[in-house]
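Dear colleague,

Please find below the structure that I am handing over to you. My notes on what was found in it follow.

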Amino acid sequence: MSMLPACVEARAASADSLLRELNEALAHKPEYDAQRLSRIARLTADFRAPKASPNARFNLGLRIYDEYKAFKYDSAFVYCQRLARLAEQLGDPQKKELTRLKLAFVLLSSGMFKETFDVLERLNPRQLAPADRGSFYFLQARAYNDLGAFNADRTYRPAYYQKALAFADTALQLSRPGSYEYLAVQLFRAQKTNDLARGAAVYAQIRRLPRLTQHQLAVSASTTAYLYELAGQPKKAFELLLVSAAADLKSATKETTAISKAADYCYRKGDLKNAYSFISEARAAASFYNARQRQIQMSQLASVIEGQKINIIEKQRKSLQTLAIILSALAAVVIGFAVVSFRQLRQLRRASRLISATNGELQARNGELRQLINELNEANRIKEEYLGYYFHNSSRYIDKLEALKKRVDGLLGSKQYAAVQKLADGINIKTERNELLKGFDTVFLRLFPHFIDRFNALFREEDRIRLPEDQLLTTELRIFALIRLGISDSEQISRMLGYSINTIYTYKTRVKNRSLLPNDEFEARIQAIQAV
């Protein structure tokens with residue numbers, strides 16, 4: 001028996017019609033993306049207008065951020081920085097805290113949990129407007145929920161979910177009853193408490209909202225689908241995921257999970273065609289947005305679906321081979337009949353051409369699969385090495401901070417202020433940064449032990465980099481090491497290495513000008529350097 005209210009049942013459509021709608025939305029995806037890009041272009045032109053006041057530019061920057069926040073992480077992050085500079089210029093505390101709230105949202109969407117909590121910890125919600133204050137607490141709830149789901153640890157996850165519910169309760173108190181924000185928090189609570197009846201009722205209220213956007217529909221449908229999945233009603237869950245995925249495409253939303261979950265459902269039903277189409281779109285969207293945790297979560301499912309597709313092609317190849325044998329035998333039996341033999345021979349030639357074309361396609365697919373497996377293995381190795389390095393380094397710094405805090409507490413308790421100042425003066429930021437970079441260099445050279453040799457091979461003998469025995473990588477090598485790891489944005493590289501973006505551009509240009517390759521081919525050759 002369905003637990004959807006009658007108004008929602010009336011709007012529901014069959015899975016087949018929803019699949020057609022989703023595939024139609026996929027076919028029109030370039031148009032939906034172009035609409036969002038057109039809006040961004042218009043807003044960006046106004047933002048860069050020389051006569052725009054700082055306050056007007058701040059408001060325009062917020063609108064540009066809203067366009068990017070579920071579309072492309074890197075651009076949303078850049079506009080968060082620009083908003084922060086404008087808020088600082090305006091000297092407005094409320095705008096400063098609002099900028100931090102926006103930054104925390106995109107960091108969480110990208111899967112950067114530590115950075116999200118760092119920003120939220122520095123944020124003062126009392127400086128926010130009442131509506132934004134509710135958003136702050138709901139974002140806290142989402143952050144703990146997503147962290148618990150990502151960790152999937154039975155020991156820590158219940159505590160994360162408990163905190164998520166507590167923050168959701170606070171957000172509910174600060175939201176206007178009947179608004180989408182209020183209903184979204186209620187739906188979140190229903191999800192965390194596995195209350196399907198309440199969740200379905202709230203979803204029905206959301207669908208009745210007069211100005212419900214496609215993005216809001218996508219989020220609420222996806223959340224409700226999770227409730228039906230937990231209740232053992234996969235058909236209803238699948239239908240809601242299809243609604244959510246179509247709404248994501250129509251709103252040009254790239255930070256989404258609905259279409260990858262729909263791919264999983266299709267795969268389990270044996271619908272490999274749609275499963276492959278949907279998982280390919282999900283991977284492309286996650287890569288475009290730069291959603292790290294999404295790419296990791298869906299990599300296993302994508303490998304399974306793609307492997308199954310290869311198996312089907314292999315079976316088809318074997319069937320064609322069997323057909324060729326049968327046709328050959330038939331030609332031998334009727335060889336005495338000239339006319340019949342001639343006709344059979346023509347059929348055999350057509351079959352041979354088909355087999356040859358199929359074999360060629362299979363060889364190409366096998367080559368693509370081998371390349372994909374190599375890239376996935378390399379990505380997993382890099383991920384494992386740098387995750388291990390990250391957690392080790394973070395643990396070391398936490399221990400140092402804990403020791404420093406205890407020392408400062410003791411000195412302050414005994415009013416030894418001069419000793420506290422001396423302790424602060426003894427912290428050498430440059431040394432710490434050098435240690436951090438040295439750790440990065442060590443892990444990178446463990447992954448790419450031949451990187452320096454391959455790099456130097458792109459230069460004349462007199463232009464090659466020669467390192468002292470006590471040095472692992474130079475700044476120039478480190479910049480291109482980051483590019484080899486897939487970090488190609490110069491602004492991001494500048495933040496990681498502690499240089500200005502102009503300095504990064506200067507280093508890159510100087511290196512490319514010395515190389516034996518054309519400048520536009522240099523980075524591609526760097527990307528081609530293989531890990532061990």
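A surface patch is made of residues with over 30% relative accessible area and no salt bridge, like charges being joined within 9 Å and nonpolar side chains (Val, Leu, Ile, Met, Phe, Trp, Tyr) within 5 Å. A salt bridge is a side-chain nitrogen of Lys or Arg within 4 Å of a carboxyl oxygen of Asp or Glu. This is a predicted model, in which local features need pLDDT of at least 70 and side-chain atom pairs count only at pLDDT 80 or more, while totals for chains, interfaces and linings use all residues. Residues are numbered from 1 along each chain as its sequence is written, and side-chain values use heavy atoms, with hydrogens and water left out.

Arg343, Arg346, Arg349, Arg350 and Arg353 form a positive patch on the surface. Arg353 belongs to helix H17 (residues 338-413) and counts as exposed because its relative accessibility is 55%, the cut-off for exposed being over 50% and for buried under 20% (1.4 Å probe, protein chains only).

Helix H21 (residues 475-484) is largely enclosed by the rest of the structure, because ten of its ten residues are buried. Among them are Glu476, Arg478 and Arg484. After H21 comes Gly486, with a positive phi near 100 degrees.

For the protein overall, there are 24 helices and zero strands; these are DSSP runs (helices H or I, at least four residues; strands E, at least two) numbered from the N terminus. Of its 532 residues, 43% count as buried.

Yours sincerely

Definitions and conventions: Areas by Shrake-Rupley, 256 points an atom, 1.4 Å probe, with all protein chains shown as cover. Lys, Arg positive; Asp, Glu negative; His and termini not counted. Charge placed at Lys NZ, Arg CZ, Asp CG, Glu CD.
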